[in-house]
Amino acid sequence: MEQYGKILLFAMPAFLVLVLFEKWYGWYKGKDTVRNMDMISSLSSGVTNVTKDVLGLAIALISYEWLVNRVALTHIDTGWYTYLIVFIVLDFAGYTVHALDHKINFFWNSHIIHHSSEEFNLACALRQSISIFVKLFALLLLPAALLGIEPVVIAIVAPLHLFAQFWYHTRHINKIGFLEKFLVTPSHHRVHHAINPEYIDKNFGQIFIFWDKWLGTFQQEM
């Protein structure tokens, strides 16, 4: 998590530029979705969360490296397909964690921070809880561990998977055609953040929306 936090520390300036661009674009179009104090609150939350990880204050009870060293049934070569497998495994793990965050009160207690904004914009993508100190995420990477995928692959793909969840936190992008069928889009994620009764606990997907479609948690934006 410490290395993960350091990577995020370098990414934060790019996120800030995009947040400010969305602010300007909303003003230019006469549809400002970024209230100043709300934006500052979101950015402050993001910075403190990253700082916690950089300082190594989060503890992984079970690391992926520990897991793969004990349960690997084989060791596949590292090629382009390995990164694809890891990306898919990470995404399903992310879907599972996200669903648990919403369904179990103990986990919702920390995840609610991400949903605490009354706006939906790029800044709220950075609104994350600082209270998560114990990580069990590696257990959900069991499929990758069984295949003996090297920990360095996880270390490379995980930040990319996280960064790819930033762009769809916006109200300025409408539905985007064919991509709506298999990717999480701004339309899908607006549903997830909405408080309309029919939208509650829907669209948990992080990159691929087909997990929701297959497992009965999908809701179209109406």
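## Exercises on salt bridges and a buried histidine

Counting a salt bridge wherever a side-chain nitrogen of Lys or Arg lies within 4 Å of a carboxyl oxygen of Asp or Glu, one finds seven salt bridges. The model is predicted, so local features need pLDDT of at least 70 and side-chain atom pairs count only at pLDDT 80 or more, while totals for chains, interfaces and linings use all residues. Residues are numbered from 1 along each chain as its sequence is written, and side-chain values use heavy atoms, leaving out hydrogens and water.

**Exercise 1.** Determine which residues are linked with Glu119 in a network of salt bridges.

*Solution.* Begin with Glu119 and Arg35, whose side chains meet in a salt bridge at 2.9 Å, N to O. Next, take Arg171, which forms a salt bridge with Glu119, the closest N and O atoms being 3.2 Å apart. Finally, add Glu118, and the network is Arg35, Glu118, Glu119 and Arg171. As for cover, Glu119 counts as buried at 17% relative accessibility (buried means under 20% relative accessible area, exposed over 50%, partly exposed in between, with a 1.4 Å probe and protein chains only), whereas Arg171 is partly exposed at 32%.

**Exercise 2.** Establish whether His192 is buried or exposed, and find which side chain it joins in a polar contact.

*Solution.* First, the relative accessible area of His192 is 3%, so His192 is buried. Then look for a polar contact (a pair of N or O atoms within 3.5 Å; within protein, one must be able to donate a hydrogen and the other to accept it, and residues adjacent in sequence count only if both atoms are side-chain atoms): the side chains of His192 and His102 are joined by one of 3.2 Å.
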